[in-house]
Amino acid sequence: MEIEGLSILKTLVLMDTSTGKSTLPLAEYVADVLASKYTVKLLGEGEKNLVAYNDAAKKQVQKGQHYFAFCGHMDTVPADQSQWKISPFELHLENDKYFGLGTSDMKGPISCMISALLNNDPCLPAGLILTYDEEGAMSGANYLVENCKETLQGIQLIIGEPTSFRLGYMHKGFSHYVFSVTGKGGHSSLPEQGLNAVYAAADFTQAIAHLSKIFSTQSNNGSTPTLNVGKISGGDVVNRVAEKAIVEFEARYTADKPPQELEDLLEGKKVLYESQGYTCSLALQSEQPAAYTDKDSIFIRLLSYLSKQQPTLLDFATDASIFNGRGEIPCAILGPGNINVCHQPNEYITRADLLTAEKLYADILESQIEGLSLTR
Ligand SMILES: [Zn+2]
């Protein structure tokens, strides 16, 4: 069997849309491909998201009803070319696997969405959203949620991230914190006259590690909150008492806000260190909300039926953080490709996955004829 979106995938892989590069040429190319059958808008400041929908979708919204839109991100992480056995920007077939940067995350899934949209019966409502900067601050999705509410009306999003066709209905959000502590410097031969900031930072790191262990035994909505210290720095030279130290850590959780035990620990440690003479501050560097769509909703049940998959919690964050967490748009995450080959050299997607995804995405659109109605 032929993969219908193969020439599209080839073109997408040729475009370097890795972090720091523009995704606009990709958006413009897809806009051209869809232009004869879809209304296409390029929306954003500088970089542009692509939003496409057909007349049937527009009518559906006018009737106050929902329609399906596929969603993917156009950017990729950067490639370390020295680690690749072939050029990351050329689609290369070997043993039924297509190699190339973004083949799984998410140019392969996007090519399957486009081929389903091109083959779609124009009577059936359908749409597409392609975002920029998902691998960064998700500013593309943020722009749409903040500025284009009307355009997003009635949408139920199928985000084609590489889940190996697992059907995700929820994933964690995260909070990235920076904890800074300042003590008092001095000569290393007289440590008792100083106040070593590295000791406070080490104690703090241990407290986070301890709480992380406690969390690993807990469950919220079937999911376990996690904590990770990702970066620690402090002091400058060995013969001086360290005056400053910084600990960066993150919490991931499915609830609306960080776990209370974490808030308590942060407050308690601040009070403790200040009583010892340190000054300290805690900054929330960035945060993304969790995504959650009711797994008993018609939307998720229909996708579960069509994909023959039980809805499941996913480990990794997607644009659903923004579209669902901030924009309250129903989101499912369902796509070809394996997350384990993403963000690393020699990324690939299998031929079988591309074929399955083209069929599944077409089935999702066609299910609207069969009366598996979205409003039921
Ligand atoms: Zn991705």
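Visitor: Welcome me in, please: when do two strands pair?

Guide: Two strands pair if DSSP finds at least two bridges between them. Strands themselves are DSSP runs (E, at least two residues), and helices are runs of H or I with at least four, numbered from the N terminus. This is a predicted model, where local features need pLDDT of at least 70, side-chain atom pairs count only at pLDDT 80 or more, and totals for chains, interfaces and linings use all residues. Residues are numbered from 1 along each chain as its sequence is written.

Visitor: Which residue of β15 stands opposite L157?

Guide: Strand β15 (residues 331-333) pairs with β7 in the parallel sense, over three bridges. Opposite L157 stands C331.

Visitor: How many residues of β7 are buried?

Guide: Call a residue buried if 20 or more other C-beta atoms, placed from the backbone, lie within 10 Å of its own (exposed means 12 or fewer, partly exposed is in between). In a regular strand, side chains alternate between the two faces of the sheet. In β7, I155, L157 and I159 point one way, Q156 and I158 the other, and all are buried. For β7, residues 155-159, the count is therefore five of five.

Visitor: Why is one side of β4 and of β16 left without a neighbour in the sheet?

Guide: Three strands form an open sheet with antiparallel pairing, in the order β4-β5-β16. β4 (92-94) and β16 (348-350) stand at its edges, so each has a single partner strand.

Visitor: Which residue of β16 stands opposite K97?

Guide: Strand β5 (residues 97-99) runs antiparallel to β16, and three bridges join them. The residue opposite K97 is T350.
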